[in-house]
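Please open the model in your viewer and keep the selection tool at hand. The tour below goes from one stop to the next, saying what to select and what is there.

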Amino acid sequence: MADSGENSALFPIFILSVIALPLVPYTIHKFLRAASKKDKRIHCECSVCTRSGKYHKSVFRRISNFLSCSNLTVLLLWVIVVFLVYSIKQSSREIEAFDPFSILGLEPGVSETVIKKAYRRLSIQYHPDKNPDPAANKYFVEYISKAYQALTDPVSRENFEKYGHPDGRQGFQIGIALPQFLLDFSGASGGILLIWILGGFVLLPMAFGVVYLSRASKYGGNFVRRETLAAYFELVKPSLAPSKVLDVFIKAAEFMDIPVRRADEAPLQELFKLVKSELNLDGKNARQEQAKFWKQHPALVKAEMLIQAHLLRKADTLTSNLQQDYKNVLQLAPRLLEGLIKMATVPRTAKGHGWLRPAIGVIELSQCIIQAVPLSARKAGSGSSEGVASLLQLPHFSDAVITKIGKKVRTLQDLQDMALQERAELLSGVAGLSASEVQDVEKVLELIPHATIEVTCETEGEEGIQEGDIVTVQAWVTLRRANDLIAAVPHAPYYPFSKGENFWFLLADANSNDVWFSESVNFMDEAAAITTASTITEAKMEASGASMEEITASVKDAVAKVKSGCRLVLGKIQAPQAGNYNLNCHLMCDTWIGCDTKTNLKLKILKRSRAGSRGGHVAEGVQGENGLEDDEDDIDEDEEGDQSEYSEDEDEDEDEDEPEPEPEPEPEVEKLNNNRKGFANGSARRKARK
């Protein structure tokens, strides 16, 4: 066993090793990531967004970003490492081979007379009779005497020549990298080592685990409290109108924690007058409705009025206390809305489907919150099914500007379809915008995305889709912008935080209000999209028995598509009972208004034969090519007939679920034209309007 001094010297080395092993590679990783990181979040460069200061990186903001929790932790650990290295260097002794000539200050090969002279000289300096210092005495006994003996005594010299030490073979020493007081079991310090081991290696990890599990038990996905998800699950109904979604959204448990102060009563009363027109209050019984509104939980009342103030762009009228609460509410909004979407699309029916109507309402509410557009602006009117909401998201656009250009422009699509010169003349001459303001509008129009959807459904290894089959839904979603960007941060100057675009793919049956499949699509993380597309494509090609060359070529094509602005969405659904189904593929953005697109698909589900064979039954029974149809005429008719559900005034019963109509079979139009065995469908493609 090593002595106590060596044990104490090993302890800093042990701590240094424990810290340095994970710290060094993590620090290298952070530096490499910082060096190779590209600014993928391209934000809007219009003057309105610039004045908002949301994307301006001031010196204080740069310092704040640097002094993050992780960076400070890394910096503190490096300070500890430097201190340990310095401490080890100052306190530890280097372990060197025993060299008697070096100890006596001689050159190898000198005569015995010279050795004796050197010994006498050092004895005068270090001998206990000459020097009372205990350290000098120890050095004289352990080093000088042994060195002299090794060079003059025959036995010691033989040991030195054979084993490198005058005492002969040195045994192997084992040390414990702990301070001496932890190893002293005698007296008051007895048992400290046991306590240290139990505390450091058992109790401390258990404490961290208990704290983590207790916090994790309170939150679901995306850091949304489970109380909130449970409330959303109970409150979301299939008949929930989009105009009523806000009433469900504010029931989040997170909003219950908003502080309610007496000093806020008067400002809230004034705020109520500003947002009163946007609240769902019955005008016939105004007093009763107002009293009912104020009798709700004070925190929920406060949250709703702060959201309405944001939608009406009246946040600058709030007091300092309300400003802080306002920012807290809006910071929570994106992840709460995502949780609400998941509760709307979670399987509810006996067929395992979610509900389409509330899901669309939640996404439309998210669009309004990010763009700070009131829900009433989505009401259909003036020949537009989406109202004026899509125009209000443009910079410098107001109700007065929209009224001036109302004869020529009713929707965002009308404005985008105009030629550049014609649009500039309209905005400057008719709307009265300055040249710089017109330039801001053009920048935002270039940033607005246009989506394309290519959807395929197939039953692997079969030629037709029969009831009960597992159907694979695959969709390629392509995003295009006039400025050639793929990923971008939307124009949202009134939303005080940076919010990236997120798209939702919904495969639904509008007739039965069922969502068959839903998936979130993000264009920010290209690396993850490449990995997903490569894995899916490779697995699909291997299942079809393709060669390695074909698999490699398909994977390269998939990667190229992702880099060009495409994302692959994959899901599996169970085929319902036999019949013809008119499905819609929705692609909705949670930040932009008026950028949603939809594809109509007609799917033929066959009855399952007794023997399970599909041969001749498929050729006679599938409608259209491979069981799917893409009717562009139907799409145009649906788009013209779409009306915003915010225009509905009548109250709907949200406590009863709507019955699900059975799909009506349609007459056969074509025979199956299937030249490849193993694919049970065709494809449908829908491009965004340009």
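**First stop: a loop residue**

Select D264, which has a relative accessibility of 2% and therefore counts as buried, the cut-off for that word being under 20%. Bear in mind throughout that what is on the screen is a predicted model. The loop that holds D264 runs between α13 (253-256) and α14 (265-275). To see what surrounds this residue, add K302, N321, L322 and D325 to the selection, since D264 is in contact with each of them when its neighbours within four places in sequence are left aside.

**Second stop: two helices that cross**

Now select residues 320-345, which make up helix α17, together with residues 226-235, which make up helix α11. Two packed helices are described by the angle between their axes and the distance between the axes. Here the axes of α11 and α17 come within 9 Å and cross at roughly 45 degrees, which means that α11 is oblique to α17. The crossing of these two helices is right-handed. Which residues meet where α11 and α17 touch? From α11 come T228, L229, Y232 and F233, and they meet L336, G339, L340 and M343 in α17. Sorted by class, this contact has six nonpolar residues and two polar ones, with no charged residue.

**Third stop: a valine in a short-numbered helix**

Go next to residues 47-52, which form helix α2, and pick out V48 within this helix. Is V48 buried or exposed? Its relative accessibility is 15%, so V48 counts as buried. Leaving out residues up to four places away in sequence, V48 touches P395, H396, H491 and P493, and these can be added to the selection. Then select E437 and draw a line from its C-alpha to that of V48: the two residues are 389 positions apart in sequence, while the distance in space is 9.3 Å.

**Last stop: the whole protein**

Finally, clear the selection and show the protein in full, with its 27 helices and ten strands. Of its 690 residues, 42% count as buried, and V48 and D264, visited above, are both given that label. Among the contacts in the protein with a separation of 6 or more, 72% are between residues 24 or more positions apart. If you switch to a surface view, the accessible surface comes to about 37,600 Å², and 55% of this belongs to carbon and sulfur atoms.

Key
Residues numbered from 1 in each chain as written. Predicted model: local features only at pLDDT ≥ 70, side-chain atom pairs only at ≥ 80, totals over all residues. Heavy atoms only, no water. Helix = DSSP H or I, 4+ residues; strand = E, 2+ residues; numbered from the N terminus. Buried < 20%, exposed > 50% of the residue type's maximum accessible area, 1.4 Å probe, protein only. Contact = heavy atoms within 4.5 Å. Areas by Shrake-Rupley, 256 points an atom, 1.4 Å probe, with all protein chains shown as cover. Axes fitted to C-alpha atoms, helices over the stretch in contact; angles between N-to-C directions. Parallel < 35°, antiparallel > 145°, perpendicular 65-115°, else oblique. Left-handed = near helix turned anticlockwise from the far one by under 90°. Nonpolar A, V, L, I, M, F, W, Y, C, P; charged D, E, K, R; others polar.
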